[in-house]
Structure formats: C-alpha cells, structure tokens
Amino acid sequence: MGADVIKVEKPGAGDDTRHWGPPYLCGDDGPSKQASYFAACNRNKRSVTVDIATTDGQRLIRELAAKSDVVVENYKTGGLKRYGLDYDTLRELNPRLIYCSITGFGQTGPYAGRPGYDLLMQAMSGLMSITGQPDGEPGAGPMRVGVAVIDLFTGMYATTAILGALEARHHTGRGQCIDIALLDVAMAVLANQGAGYLNGGVVPTRQGNAHPSVVPYQDFPTRDGSMLLAIGNDGQFARFCEVAGVGWARDERYATNSSRVAHRGTLIPMMSEITRTKSTREWIAVLEAASVPCGPINDIAQAFADEQVRHRGLRVEQYRYPPSACPATEAVNRVCTTASPLRLSETPTTLRYAPPALGQHTDEVLRDCLALGEGEIGELRGRGVV
C-alpha cells in the first residue's frame, strides 16, 4: 500500500525463513539454497544487513528509527532493551514513532518471557483440538492447519493496529507502543467456536470437514472423487433437493438448518449416496446453475490453474534485479509470489520489489536514508557492522 519497508537482517544469515527448505527458489541452474518460504511474506521490502550486537549497528538502527513512522520487532519480551532499541529509548528520539512489538505471549503475564511459534499457539489455544478427523475415524487426533495461520493472522492484526495508531497520531501528534501476542490472536480467531464455549459451556470437538452449526456444509463423495457443498441457508438446501430429485426440504427433520444439525446423522449418509451418482464436474455444473454453493477440492496446482484465479492475476512474477544487471553471484533472480488480495479503486497496491536477496539494499538505504558516503559504508562493511 505504498509503505517503504526496510527489513533489518543479520549479516551472513538473515531471516530464519531464508533457510526453511526445501522447497527452494530455482535459478537458471536449478534449485538454489534459498528457501521459497521467505518469498511468502517479504515482497516490497528492502533488505538491509546490520549487526545489532555492535555499537555502530545499534546507532544505525536508532538513526533509521528516528526517521521512520513505524518500527516492527519480534524479539522476546525485553530482548531489544539491552541494545538500546526498545520503545522507551526510541520514542525519546522520535515521539511520533509507532512501535509494534510482536511476541509469543505478550509483554505481561507468567509466560511473557517464553518464545512463541505458530504450531505451539495452535496447540495451546485449542485450535488443534477442533481440527482433524473426529474420534473413532481413521486418522483421528488433533491436527494443525496446513499453513501457519496464527502467524498470518497475527500479521494482519498487527497491520490493523498500526493503521489505527497512525490514524490516532493524526489527531494527537504522538506515537505509541503496540503489544501483539500470538496467543492472544490464536484465542481471538477461535471465533464462533470460542463464542460457543464461552456462552454455551460446551467444549467443541473435531468434526473433520463438517461445520458444528451449519448442515450440509462439508465435503461429499462423487463418482470420480469429491466435492465441497457450502449450503448456508434453507433456500439453498431446497434448491439442492430439487436438483437431486428428493423431497427432504419438505421433511420437518431437514427443512430448517437447526433441524438438519439435529439430524445430520441420517441426512449426510443419504446425501452421500446421491452425490456418488455423478462426477464432480457434473454436480458442479447443475448445482451452480441452481445457485447452490459448491466447488471442487483442488490441490494447490489445480487452484493456481483455475480460470478465475488466472483471470484475477493471482500469480505474480518479479525480478530482484533487471535481467541485464543481475550480479553473477546471485543464484536466483526471478521470484514468483501471490498477488495482493487488496483491490482499491483509487490507490491500488503497487509491486516495487521482489522478495529481496540478503542485504540487497544495504548500500542504497544507508546512502539515501542516512546520507552515508561510500567510504563510510565500506568501512562499516569491513568491520562486519553491515
């Protein structure tokens, strides 16, 4: 959305996710040693390598913070205080600074000093207890979600908080500190499952792909595989019954969603027998024509090949360097990512930088933002500060 984001990494190593492979980014000579994981969340950032364990490195970060609107950090609680890079220190340099601290458990409480990871939060929050096949089914047991959803949700909540703080600064002229915890986010995104427990006192259990409060809202077998039905109201169910040639919508056991939830044990097997009579493609054709929400259960390759995904341009290809100016030492230049889902009519999102090579923009940022000369930058590099 137009922000100039400077990512500060450790010289020689960088962000941990640069090494979380396979899979790896591919260059002209095949797979590199650069993990594709990093590409998922580092587009439009400029990479600067600074050793914050050094006095000069700390000084560089403070100088950058003094010129910045926002600082985001994800060290353990209190971890940056010993470097003089904590909120209290930086706000003295820049009272308008918005300082967003992302930790596992927050700045307070008995767990505040612990490190946090997505998988740990999925387990501790109860999310894994409601994800997976129900007890007694093959493969039953707690299951993590297939992507790091708590990490991703935490980033989105942090973005919302930062935008709120920027808006508040328009009125007060002052920055503030934002305390975002993965555990807090994990509890918040329990959503209807959390609300059900808090207000009904019943602990939710795993139900596979079924929905606890909406029926039928799950996968169903077809003649050649499976499909997904997302029937969210009684009108949609009636239209499904009409297409399927059955009278269940007139049966009091199935006419309303609450009754279908109560009688899912008989309804779902009957529906499964009918859905097995046609192929997935055949069912989708007739159900879409009747405005019944349905779709295939794609793998990721099939999803990116989908005509709607292609039409929306959701696969993005970028180059770190102009193809004619890529350094010979750089094994990867072309990087593919997923397009931003934000579609703004007046201020569309912009793609300025591919996920950067480690330290790709160090000289550029130190020169343009801090007005350092080539000799000063070279001297810092010679001492391992950058």
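Where is I61 found? I looked this up and noted that I61 is in helix 1, residues 55-66. Before going on, I wrote down that this is a predicted model.

**Entry on I61**

I asked whether I61 is buried or exposed. Its relative accessible area is 14%. I61 counts as buried because 14% is under the 20% limit. I then listed the contacts of I61, not counting residues up to four places away in sequence, and found V8, V50, I52 and L85. I also checked I61 against F38, which is 23 residues away along the chain. The C-alpha atoms of I61 and F38 are separated by 22 Å.

**Entry on the sheet of strands 5, 6 and 7**

I looked for how three strands are ordered here, and found an open sheet in the order 5-6-7 with parallel pairing. Which strands are at the edges? I noted strand 5 (70-73) and strand 7 (176-181), each of which pairs on one side only. I read off the turn between neighbouring strands of this sheet, which is 15° on average with direction ignored.

I then took strand 5 and strand 6 as a pair. Strand 6 covers residues 98-103, and four bridges join it to strand 5 in the parallel sense. Within this pairing I found V72 opposite C100 of strand 6. What packs on this sheet? I noted helix 4 (residues 149-172), which touches strand 5, strand 6 and strand 7. The direction of helix 4 makes about 165° with that of strand 7.

**Entry on S129**

I located S129 in the loop between helix 3 (118-124) and helix 4. The relative accessible area of S129 is 34%, and I recorded this residue as partly exposed. Which residues does S129 contact, leaving aside its neighbours within four places in sequence? I found T205 and R206. I also compared S129 with V203, which is 74 residues away in sequence. In space, S129 and V203 are 9.8 Å apart, C-alpha to C-alpha.

**Entry on the sheet of strands 8, 9 and 10**

I moved to another set of three strands, which form an open sheet in the order 8-9-10. I noted the pairing as antiparallel. The edge strands are strand 8 (217-222) and strand 10 (294-296), and each pairs on one side only. I read the average turn between neighbouring strands of this sheet as 30°, direction ignored.

How many bridges join strand 8 to strand 9? I noted six, with strand 9 covering residues 225-230 and the two strands running antiparallel. I looked up P221 and found S226 in strand 9 as its bridge partner. I then turned to helix 9 (residues 264-275), which lies across strand 8 and strand 9. Helix 9 runs at about 40° to strand 8.

**Entry on Q218**

I placed Q218 in strand 8. Its relative accessibility is 12%, and Q218 counts as buried. I listed what Q218 touches, not counting residues up to four places away in sequence: N209, A210, M227, L228, L229 and I268.

**Entry on helix 7 and helix 10**

I turned next to packed helices. Two packed helices are described by the angle between their axes and by the distance between those axes. I found that the axes of helix 7 (residues 234-244) and helix 10 (residues 280-289) come within 10 Å and cross at roughly 125°. I therefore entered helix 7 as oblique to helix 10. I noted the crossing of helix 7 and helix 10 as right-handed.

Which residues make the contact? From helix 7 I listed F240, V243 and A244, and from helix 10 W283, V286 and L287. By class, the residues of this contact divide into six nonpolar, no polar and no charged.

**Entry on helix 13 and helix 14**

I looked up helix 13 (residues 362-370) and helix 14 (residues 374-382) in the same way. They pack at an angle of about 135°, with their axes 10 Å apart. I therefore entered helix 13 as oblique to helix 14. The crossing of helix 13 and helix 14 is right-handed.

I found T362, D363, L366 and R367 of helix 13 in the contact, with E374, I377 and R381 of helix 14. How many residues of each class does the contact of helix 13 with helix 14 have? I noted two nonpolar, one polar and four charged.

Methods. Residues numbered from 1 in each chain as written. Predicted model: local features only at pLDDT ≥ 70, side-chain atom pairs only at ≥ 80, totals over all residues. Heavy atoms only, no water. Axes fitted to C-alpha atoms, helices over the stretch in contact; angles between N-to-C directions. Parallel < 35°, antiparallel > 145°, perpendicular 65-115°, else oblique. Left-handed = near helix turned anticlockwise from the far one by under 90°. Contact = heavy atoms within 4.5 Å. Nonpolar A, V, L, I, M, F, W, Y, C, P; charged D, E, K, R; others polar. Buried < 20%, exposed > 50% of the residue type's maximum accessible area, 1.4 Å probe, protein only. Pairing = 2+ DSSP bridges.
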